[in-house]
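Let's take a walk through a protein model together, one stop at a time. Keep the structure open beside you and turn it as you read.

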Amino acid sequence: MKKLILSLLAVLALAVSANAQIGIVAGLTSSSTDVESAVANIKSVNQYHVGLSYRFNIGEVLAIQPAIIYNVKGSSVETLDLGQLSSQIDLKTGFLEIPVQVQAGIPLFGLARVYALAEPFVGYAISNSIESTISDVKTEGWEYVKNRFEYGVGLGAGVELLNTLQVNVKYFWNLGNLYGPDNSLDLSGSYNTAVDAVQNAKCSGIAVTAAIFF
């Protein structure tokens with residue numbers, strides 16, 4: 001019985017490895033919360049993600065694609081009404097992130113595949129910076145960060161060509177509380193509107209990703 005179980009596990013491992021590929025992923029991460037704004041601001045987007053992915057297919061329809069990436073996310077609080085002043089606060093946080101993408105696709109003539117995707121993820125912040133024009137604040141420390149752990153989910157769609165090249169777009173919801181209302185964030189003295197806006201920032205947005213599998 002033990003030998004039978006080991007044999008079945010070996011066959012399963014061979015089947016999975018025969019349908020598995022390692023890939024390089026990279027793309028842009030926009031802090032815009034809608035597609036129109038993301039496209040309008042594409043030239044000014046400087047958040048990005050890059051890493052390695054491992055994909056294995058389950059038949060012709062399903063695929064599971066875990067990855068490990070460095071993902072720079074951010075949020076911009078713009079044109080705040082602070083009496084007679086306006087300002088902008090830029091937040092950028094780099095996460096070491098592990099997303100697990102589940103794809104359900106439709107093959108097209110053996111040359112391409114279109115798919116919908118769901119992607120839960122967890123991550124841990126390893127870099128952080130905040131810039132503000134309110135009082136020329138610029139910091140790269142952790143004094144304004146409440147919780148470096150993140151988690152969330154992304155939903156989107158993509159296309160795959162020749163079982164090698166993938167391009168997809170997704171909206172992701174970051175459900176963690178990076179800055180939070182309970183820390184000592186005070187970028188602007190008495191400008192409570194700006195502080196509240198930063199504390200409520202979730203680093204959610206739109207991501208466009210390309211991947212090459214070998």
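Start at a hairpin: strands β4 and β5 are joined by a turn with three residues between them, and F109 in that turn has a positive phi of about 60°. Keep in mind as you look that this is a predicted model.

Why is that phi angle worth a second glance? Most residues other than glycine have a negative phi. F109 goes the other way, although it is not a glycine. You will find F109 in the loop between β4, residues 89-108, and β5. Is F109 buried or exposed? Its relative accessibility is 82%, and because the cut-off for exposed is over 50%, F109 counts as exposed.

Now follow the two arms of the hairpin away from the turn. β4 and β5 run antiparallel and are joined by 18 bridges. For one pair to look at, find G105, which stands opposite Y115 in β5. β5 has a further partner to visit, β7: these two strands also run antiparallel, with 13 bridges joining them. Here P120 has V153 in β7 as its bridge partner.

Move on along the chain from β7 (149-161) and you come to a loop that leads to β8 (165-174), with L162 in it. L162 is another residue other than glycine with a positive phi, this time near 55°. With a relative accessibility of 58%, L162 counts as exposed.

Next, let's go to two buried residues. S53 belongs to strand β2, which covers residues 48-58. Its relative accessibility is 3%, so it counts as buried, the cut-off being under 20%. What does the side chain of S53 find there? One of its polar atoms lies 3.1 Å from the backbone oxygen of P66. Leaving aside residues up to four places away in sequence, S53 touches Q21, I22, G23, V25, Q65, P66, A67 and F213.

The second buried residue is A207, in strand β9 (residues 205-213). A207 has a relative accessible area of 4%. Which residues does A207 touch, if those up to four places away in sequence are not counted? They are L28, T29, H49, N168, V169, K170 and F172. Take K170 from that list: it is 37 residues from A207 along the chain, yet their C-alpha atoms are separated by 5.5 Å.

K170 also leads us to an enclosed space. The model has two cavities of 30 Å³ or more, and the largest holds about 220 Å³ of space. It is lined by 21 residues, and K170 is among those closest to its centre, together with I69, P99, Q101 and E119. The elements that give two or more residues to this lining are β2, β3, β4, β5, β8 and β9. β3 gives the largest share, six residues. Sorted by class, the lining has nine nonpolar, eight polar and four charged residues.

Our last stop is an open space, the second largest pocket, with about 260 Å³. Of its 14 lining residues, E60, P107, R113, E160 and N163 are the closest to its centre. β3 (62-77) and β5 (112-132) each supply at least two residues of the lining. By class, seven of the lining residues are nonpolar, four are polar and three are charged.

Notes
Residues are numbered from 1 along each chain as its sequence is written. This is a predicted model: local features need pLDDT of at least 70, side-chain atom pairs count only at pLDDT 80 or more; totals for chains, interfaces and linings use all residues. Side-chain values use heavy atoms; hydrogens and water are left out. On a 1 Å grid over the protein atoms alone, a cavity is a set of points where a 1.4 Å probe fits but cannot get out, and a pocket is an open set with protein on both sides within 12 Å along at least five of seven lines; lining residues have an atom within 4 Å of a point. Grid points are joined across faces, edges and corners, and a volume is the space filled by probe spheres set on the points. Helices (H or I, at least four residues) and strands (E, at least two) are DSSP runs, numbered from the N terminus. Ala, Val, Leu, Ile, Met, Phe, Trp, Tyr, Cys and Pro count as nonpolar, Asp, Glu, Lys and Arg as charged, and the others, Gly among them, as polar. Buried means under 20% relative accessible area, exposed over 50%, partly exposed in between (1.4 Å probe, protein chains only). Contact means heavy atoms within 4.5 Å. A polar contact is a pair of N or O atoms within 3.5 Å; within protein, one must be able to donate a hydrogen and the other to accept it, and residues adjacent in sequence count only if both atoms are side-chain atoms. Two strands pair if DSSP finds at least two bridges between them.
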